[in-house]
Amino acid sequence: MNPMAPFHFLLPLIALCFLLLRPLAAIDGADDPLYIDCVEQCEKTGCVGNRCFQHCKFSSDGKPIDGPWYMHEPLYLRWKQWDCRTDCRYHCMLSREEERTKDGARPVKYHGKWPFKRVSGIQEPVAVALSALNLAIQFHGWISFFILVYYKLPLRPDKKTYYEYTGLWHIYGILCMNSWLWSVVFHSRHVELTEKLDCSSAVALLGYTLIQSILRAFNVKDEATRVMISAPLIAFVTTHILYLNFYEFDYGLNMKVCAAMAVCQFLIWAIWAGVSIHPSRWKLFVVVVAECLAMVLQTFDFPPYKGYVDAHALWHATTIPLAFLWWSFIRDDAEFRTSYHLKKVK
Ligand SMILES: [Zn+2]
């Protein structure tokens, strides 16, 4: 008997799944002939309906505009303005969506992205505002931690803090703020560079928080051990970021890597919160559980409500209270460890 025989019945099943899923996956507003027509017309005339754009002067030299944005001159104009193609795509998308809504159809994605309405040239105004709020909360959290460990808690005779994780949380704060800054930029303007910067800083932060969770949960205080644990993880995350930026920007692969790193640290924090006698472990627990739920929320990829609020924006909203609670846990941890060391000294 063929050893593969038991698997043969699986093949038609897999084929059936593909057939059923294919039309679902294939629906993209950019494949709609009416949309394609609209963009083609617009690139020739520079108009959609009675709206016309100045940027369509570009196509007169006969050169298609499909290279990376930074190859086009002048840079300062490119950054602020929209070129002919993006203008046409945007306005054709809006007019198509308007017609579709009148026919009672649900919104579809265009070029893999939901039809967002812009506000003063900002592509996703809600996500931008929420990212900015996240940035502010992170800054506040970091500053309050800084004031606590250097000004409110006693210092060692050598002016260093008793808390062993001060330096690590400083790096964490900086990586967080960096990541939210690029999130603001990316949600204002989707181009290749801003997307890569946003994604790379998020991956760097996620990789770092994994290291941080291991060092804190296992109470690693020895410098050499810290280096031994973090070096392979830093190497892995760096390789992954370089791969994404300079080899292939692979969404699927990145999702898997990020999910794996997130699950690892969720487990580490959750188990630690369960077994430790930390006075603020409930905060840890709340943050870990809520972050898990927020991640699930993000997988519900629904179209933006009224053209503004989608699952990703909501996810950015949930991280605001969680960041607040998280920094509060960090401050509690600093106080807890400091009082432990002071008791030991006495
Ligand atoms: Zn985002």
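This section describes the helical architecture of a predicted model, the packing of selected helix pairs, and several residues in the connecting loops.

The chain contains twelve helices and two strands, and these elements follow one another along the sequence in the order α-α-α-β-β-α-α-α-α-α-α-α-α-α. Of its 346 residues, 25% count as buried. When contacts between residues at least 6 apart in sequence are considered, 71% of them join residues that are at least 24 apart. According to an unreviewed UniProt entry, the annotation "transmembrane region" covers residues 126–150, 162–182, 202–220, 227–247, 253–275, 282–300 and 312–330. Two of these annotated spans were examined for their secondary structure in the model. Residues 126–150 are 100% helix and 0% strand, with end C-alpha atoms 36 Å apart, whereas residues 202–220 are 84% helix and 0% strand, with a separation of 25 Å between the end C-alpha atoms.

Helix H7, formed by residues 166–188, has 23 residues, for which a rise of 1.5 Å a residue predicts a span of 33 Å; the end C-alpha atoms are 33 Å apart, in agreement with that expectation. The buried residues of H7 are Trp-169, Tyr-172, Leu-175, Cys-176, Met-177, Ser-179, Trp-180, Trp-182, Ser-183, Val-184, Phe-186 and His-187. These buried residues pack against three helices, namely H6 (125–152), H8 (192–217) and H12 (311–345). Helix H10, formed by residues 251–275, likewise agrees with its expected length, since 25 residues at 1.5 Å a residue should span 36 Å and the end C-alpha atoms are 36 Å apart. The buried residues of H10 are Val-257, Met-261, Gln-265, Trp-269, Trp-272 and Ala-273. An α-helix has 3.6 residues a turn, so residues three or four places apart point the same way. The cover over the buried residues of H10 includes H8, helix H9 (223–246) and helix H11 (281–299).

The packing of two helix pairs was then considered. The axes of H8 and H9 are 10 Å apart and meet at an angle of about 165°, and H8 is therefore roughly antiparallel to H9, the angle being over 145 degrees. H8 passes H9 in a right-handed crossing. On the H8 side, the residues that meet H9 are Lys-196, Cys-199, Ser-200, Val-203, Ala-204, Gly-207, Leu-210, Ile-211, Ile-214 and Leu-215, and their counterparts in H9 are Arg-226, Ile-229, Ser-230, Leu-233, Val-237, His-240, Ile-241, Leu-244 and Asn-245.

For H11 and H12, the axes come within 10 Å and cross at roughly 165°, and these two helices are therefore also roughly antiparallel to each other. The crossing in which H11 passes H12 is left-handed. H11 contributes Lys-283, Leu-284, Val-286, Val-287, Ala-290, Glu-291, Ala-294, Leu-297 and Gln-298 to the contact, while the residues contributed by H12 include Ala-311, Leu-314, Trp-315, Thr-318, Leu-322, Trp-326 and Asp-332.

Several loop residues were also examined. Most residues other than glycine have a negative phi. Lys-159, in the loop between H6 and H7, has a positive phi of about 70° although it is not a glycine, and Lys-159 counts as exposed because it has 7 C-beta neighbours inside 10 Å. Asn-219, in the loop between H8 and H9, is likewise not a glycine and has a positive phi of about 55°; with 11 C-beta neighbours inside 10 Å, Asn-219 counts as exposed.

Two further loops are brought together in space by residues that are remote in sequence. Phe-116, located in the loop between helix H5 (84–102) and H6, is buried, with 25 other C-beta atoms within 10 Å. The C-alpha atoms of Phe-116 and Pro-304 are 6.7 Å apart in space, although the two residues are 188 residues apart in sequence. With residues up to four places away in sequence left out, Phe-116 touches Gln-123, Glu-124, Pro-304 and Gly-307. Lys-306, which is placed in the loop between H11 and H12, is separated from Pro-115 by 191 residues in sequence and by 10.0 Å from C-alpha to C-alpha. In contrast to the buried Phe-116, Lys-306 counts as exposed, with 7 C-beta neighbours inside 10 Å.

Methods:
Residues are numbered from 1 along each chain as its sequence is written. This is a predicted model: local features need pLDDT of at least 70, side-chain atom pairs count only at pLDDT 80 or more; totals for chains, interfaces and linings use all residues. UniProt positions are given in the numbering used here, feature names are shortened, and annotations may be inferred rather than shown by experiment. Helices (H or I, at least four residues) and strands (E, at least two) are DSSP runs, numbered from the N terminus. The expected span of a helix is 1.5 Å times one less than its number of residues. A residue is buried if 20 or more other C-beta atoms lie within 10 Å of its own, exposed if 12 or fewer, and partly exposed in between; C-beta atoms are placed from the backbone. Two residues are in contact if their C-beta atoms, placed from the backbone, lie within 7 Å. Axes are lines fitted to C-alpha atoms, for helices over the stretch in contact, and angles run from 0 to 180 degrees between N-to-C directions. Angles under 35 degrees count as roughly parallel, over 145 as roughly antiparallel, 65 to 115 as roughly perpendicular and the rest as oblique. A crossing is left-handed if the near helix is turned anticlockwise from the far one by less than a right angle, and right-handed if clockwise.
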